[in-house]
Amino acid sequence: MELYTARLILRPWLESDAADLYLYAKDPRVGPIAGWPTHTSVENSREIIGSVLSAEETYAVCLKEDNKAIGSIGLMIGKDSNLDLPETEGEIGYWIGVPFWGQGLIPEAVEELIRYGFQDLKLTKIWCGYFDGNIQSKRVQEKCGFTYHHTNKDIYWELTDDIRTEHVTCLTREDWRI
């Protein structure tokens with residue numbers, strides 16, 4: 001399935017996206033602050049497409065003008081979330097390549113995934129989070145209507161093999177409709 005916004009196509013990841021993924025995921029400013037290691041090669045990116053980004057409700061963020069992957073967004077529902085959620089709730093995760101920072105593209109993608117989650121999937125609550133220091137991600141969540149819920153201090157994050165502080169936000173269907 002594909003979702004559309006004014007400037008974006010959100011579509012399933014393809015193996016042929018590996019070179020574009022690597023172009024942005026090799027930058028150390030992207031993955032580590034989002035909670036995943038920097039990609040090491042096109043082949044590494046291809047493996048990530050097959051093992052992680054092929055998950056249900058995970059989309060390549062692409063500009064309409066060329067349909068090339070410049071980031072990723074996903075909605076992890078219930079047990080697929082990093083949080084302990086019921087099947088009526090989901091968690092959004094996202095990132096975008098550095099050349100596209102500050103253009104409002106990820107808030108645009110997040111707003112479409114929120115709409116899809118509440119209207120089409122009938123979710124009752126959508127969660128999101130960011131790690132200490134990820135001010136850009138915090139701003140995206142604020143722009144999209146998420147409100148602070150709680151902080152998890154000193155959690156072990158397996159993907160990066162370190163200890164982090166995570167701030168968790170949420171948005172209910174009722175608050176989204178306002």
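**Helix crossing, sheet and cores in a predicted model**

Tutor: In this predicted model, helix 1 (residues 18-25) and helix 3 (residues 42-53) have axes that come within 8 Å and cross at roughly 105 degrees.

Student: Why is helix 1 called roughly perpendicular to helix 3?

Tutor: The crossing angle is roughly 105 degrees. Angles of 65 to 115 degrees count as roughly perpendicular, so helix 1 is roughly perpendicular to helix 3.

Student: Which residues make the contact between helix 1 and helix 3?

Tutor: Helix 1 contributes Ala18, Ala19, Leu21 and Tyr22, and helix 3 contributes Val42, Ser45, Arg46, Ile49 and Leu53. By class, the residues of this contact are seven nonpolar, one polar and one charged.

Student: What makes Arg46 the charged one and Ser45 the polar one?

Tutor: Arg is listed with Asp, Glu and Lys as charged, whereas Ser is in neither the nonpolar nor the charged list and therefore counts as polar.

Student: What is the strand order of the sheet, and which strands are its edges?

Tutor: The sheet is open, has eight strands in the order 1-2-3-4-5-6-8-7, and its pairing is mixed. Strand 1 (3-4) and strand 7 (147-157) are the edge strands, as each pairs on one side only.

Student: How do you know that strand 2 and strand 3 count as paired?

Tutor: Pairing requires at least two bridges. Strand 2 (residues 8-11) and strand 3 (residues 58-63) have four bridges, in the antiparallel sense. Within these strands, arginine 11 stands opposite alanine 60.

Student: What about strand 5 and strand 6: in which sense do they pair, parallel or antiparallel?

Tutor: They pair in the parallel sense over three bridges, which means that the requirement of at least two is met. Glutamate 91 has tryptophan 127 of strand 6 as its bridge partner.

Student: Why is strand 6 described as largely enclosed by the rest of the structure?

Tutor: Because five of its seven residues are buried.

Student: What lies across strand 6?

Tutor: Helix 5 (residues 135-143) lies across strand 5 (89-96), strand 6 (125-131) and strand 8 (162-172), and runs at about 160 degrees to strand 6. Angles over 145 degrees count as roughly antiparallel, so helix 5 is roughly antiparallel to strand 6.

Student: Why is threonine 165 called buried, but glycine 93 partly exposed?

Tutor: Buried means under 20% relative accessible area, and partly exposed lies between that and 50%. Threonine 165 has 15%, so it is buried; glycine 93 has 27%, so it is partly exposed.

Student: Where are these two residues, and what do they touch?

Tutor: Threonine 165 is in strand 8. Beyond its neighbours within four places in sequence, threonine 165 is in contact with Tyr130, Phe131, Asp132, Thr151, Asn152, Lys153 and Asp154. Glycine 93 is in strand 5 and, with residues up to four places away left out, touches Ser72, Ile73, Gly74 and Met76.

Student: Which residues touch the most other members of the largest nonpolar core?

Tutor: They are Ile73, Ile92, Val110, Ile114 and Phe146, in a core of 44 residues. Helix 4 supplies the largest share, eight residues. For valine 110, the contacts beyond four places in sequence are Ile73, Ile92, Tyr94, Val140, Cys144 and Phe146.

Student: Which residues does the second core include?

Tutor: This separate core has five residues, among them Leu83, Leu85, Val168 and Cys170.

Terms used. Residues numbered from 1 in each chain as written. Predicted model: local features only at pLDDT ≥ 70, side-chain atom pairs only at ≥ 80, totals over all residues. Heavy atoms only, no water. Contact = heavy atoms within 4.5 Å. Axes fitted to C-alpha atoms, helices over the stretch in contact; angles between N-to-C directions. Parallel < 35°, antiparallel > 145°, perpendicular 65-115°, else oblique. Core = buried A, V, L, I, M, F, W, Y, C linked by side-chain atoms within 4.5 Å. Buried < 20%, exposed > 50% of the residue type's maximum accessible area, 1.4 Å probe, protein only.
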